[in-house]
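Reader: Mind walking me through this one? I'd like to go over strands, odd backbone angles and empty space.

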Amino acid sequence: MKKGINTWSFPADWPLEKKLATAAAAGFTGFEVDLSEDGPVTAHSTSGDLAKVRQLAADAGLCLSGLASGLYWSTNPVGNNAAMRVKAEFLLRRQLECASDLEVDAILVVPGVVGTDFLPDDSPVRYDVALDRARQFIEKALPLAESLGVTIGLENVWNKFFLSPVELQGFIDSFASPRVASYFDVGNAVANGYPEHWVQILGHRIARVHVKDYRRKVGSVDGFVDLLAGDVNWPAVMAALREVGYDGWVSAEMVPPVPFYRHGPETLIHNVSRAMDQIFTL
């Protein structure tokens with residue numbers, strides 16, 4: 001397996017060059033960028049813009065391992081606002097095209113939000129309606145994904161949607177395409193289940209893996225903690241990944257409420273790298 005880190009693990013005000021240099025110095029070989037509203041990768045990035053991002057990573061000695069996006073939280077692909085759903089479809093097309101220009105073969109997509117406990121003014125979407133809309137959302141983008149050779153990786157997140165690996169497995173299989181897969185997040189599976197079971201059930205459908213840790217007794221998004229400080233059964237997770245033959249990118253996603261270190265924030269990145277080295281030996 002290959003060790004990467006997501007751009008959200010770094011202070012938001014750091015320029016990409018500093019994030020890349022810090023990741024490389026900490027021993028990571030992969031770096032996951034994101035499509036956001038303020039860059040360096042946006043829905044309006046040109047091929048030239050993306051070539052510069054690709055070159056920055058190469059200059060730092062890193063491989064771009066994936067293209068994430070947090071925009072699907074505010075632009076809900078299954079929401080009750082039709083105009084917002086159309087915007088989400090545009091974002092997915094552009095995310096696929098940007099990934100292709102970045103020479104990245106998998107993207108992280110939140111396929112829809114039924115509801116959340118941590119976003120203001122959140123309006124719940126009925127589950128069966130959300131499922132139908134999510135299917136349409138992916139179906140519309142699938143021909144482009146297949147033509148570009150980029151996999152749409154569906155992440156299990158705190159969206160009150162796809163609450164079990166069996167359900168996600170069936171949804172992925174319904175498309176009968178290797179370009180729809182799982183962008184499996186270990187830490188996100190802990191509150192309501194066992195990540196090792198998700199790995200065993202999703203199996204070959206896993207295109208990428210995110211790692212973070214979580215303490216069940218907290219019971220909310222405030223339960224995310226540093227790697228090895230939570231309740232993830234890392235030996236079982238690693239055994240399951242090896243059992244299903246996964247040997248791709250495993251990327252740390254150390255997002256709030258895991259706190260950035262007030263003094264010497266780069267220390268967090270080095271600590272994450274050392275923790276991942278230990279996890280890989282389990």
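Author: Sure. First, a cut-off: buried means under 20% relative accessible area, exposed means over 50%, and partly exposed is what lies in between. Also keep in mind that this is a predicted model.

Reader: With that cut-off, is Lys160 buried, exposed or partly exposed?

Author: Lys160 sits in the loop between strand 5 and helix 5. Its relative accessibility is 38%. Buried needs under 20% and exposed needs over 50%, so Lys160 counts as partly exposed.

Reader: And what's the phi of Lys160?

Author: Lys160 is a residue other than glycine, and its phi has a positive value. The number to note for Lys160 is near 55°.

Reader: Leu228 has a positive phi too, so to speak; which loop is Leu228 found in?

Author: Phi of Leu228 is near 75°, again in a residue other than glycine. At 43% relative accessibility, Leu228 counts as partly exposed. As for its place, that's the loop between strand 9 (224-225) and helix 7 (234-243).

Reader: Where does the cis peptide bond to Pro40 lie in terms of strands and helices?

Author: The bond in question runs from Gly39 to Pro40, with omega near 10°. Pro40 itself lies in the loop between strand 2 (30-35) and helix 2 (47-59).

Reader: On to the strands. Why is strand 6 called largely enclosed?

Author: Strand 6 covers residues 180-185. A residue needs under 20% relative accessible area to be buried. Strand 6 is largely enclosed by the rest of the structure because the buried residues number six of the six.

Reader: In which sense do strand 5 and strand 6 pair?

Author: Strand 5 spans residues 151-155, and four bridges link strand 5 to strand 6. In that pairing, Gly153 stands opposite Ala181 of strand 6. Helix 5 (residues 165-173) joins these two strands in a right-handed β-α-β unit. The sense of the pairing is parallel.

Reader: What about strand 6 and strand 7: which residue is the bridge partner of Ser182?

Author: Strand 7 is residues 206-211, and strand 6 pairs with it in the parallel sense over four bridges. Helix 6 (residues 195-202) completes a right-handed β-α-β unit with strand 6 and strand 7. The bridge partner of Ser182 in strand 7 is Ile206.

Reader: How many bridges join strand 7 to strand 10?

Author: Strand 7 is largely enclosed by the rest of the structure, since six of its six residues are buried. Strand 7 and strand 10 run parallel, and Val211 has Ala252 in strand 10 as its bridge partner. The bridges joining strand 7 to strand 10 number three.

Reader: Let's look at Ser251. What is its relative accessible area?

Author: Ser251 is in strand 10 (residues 249-252). Leaving aside neighbours within four places in sequence, its contacts include Gly4, Ile5, Glu32, Ser65 and three residues listed here: Val209, His210 and Val211. Buried calls for under 20%, and Ser251 is buried with a relative accessible area of 1%.

Reader: How far apart are the C-alpha atoms of Ser251 and Met276?

Author: Along the chain, Ser251 and Met276 are 25 residues apart. In space, their C-alpha atoms are separated by 9.1 Å.

Reader: Now the empty space. How many cavities of 30 Å³ or more are there, and which charged residue lines the largest cavity?

Author: A search of the whole structure finds one cavity of 30 Å³ or more, and the largest holds about 30 Å³ of space. Its lining has five nonpolar, two polar and one charged residues. The lining residues are Leu154, Asn156, Val157, Asn159, Phe161, Phe162, Leu168 and Glu155. Asp, Glu, Lys and Arg count as charged, so the charged one is Glu155.

Reader: And how much space lies in the second largest pocket?

Author: The second largest pocket contains about 400 Å³ of space. Of its 23 lining residues, the closest to the centre are Val157, Trp158, Leu163, Ala191 and Asn192. By class, the lining has eleven nonpolar, nine polar and three charged residues. The space itself, once more, is about 400 Å³.

Methods
Residues are numbered from 1 along each chain as its sequence is written. This is a predicted model: local features need pLDDT of at least 70, side-chain atom pairs count only at pLDDT 80 or more; totals for chains, interfaces and linings use all residues. Side-chain values use heavy atoms; hydrogens and water are left out. On a 1 Å grid over the protein atoms alone, a cavity is a set of points where a 1.4 Å probe fits but cannot get out, and a pocket is an open set with protein on both sides within 12 Å along at least five of seven lines; lining residues have an atom within 4 Å of a point. Grid points are joined across faces, edges and corners, and a volume is the space filled by probe spheres set on the points. Buried means under 20% relative accessible area, exposed over 50%, partly exposed in between (1.4 Å probe, protein chains only). Two strands pair if DSSP finds at least two bridges between them. A crossover is right-handed if, with the strands pointing away from the viewer, the path from the first strand over the helix to the second runs clockwise. Contact means heavy atoms within 4.5 Å.
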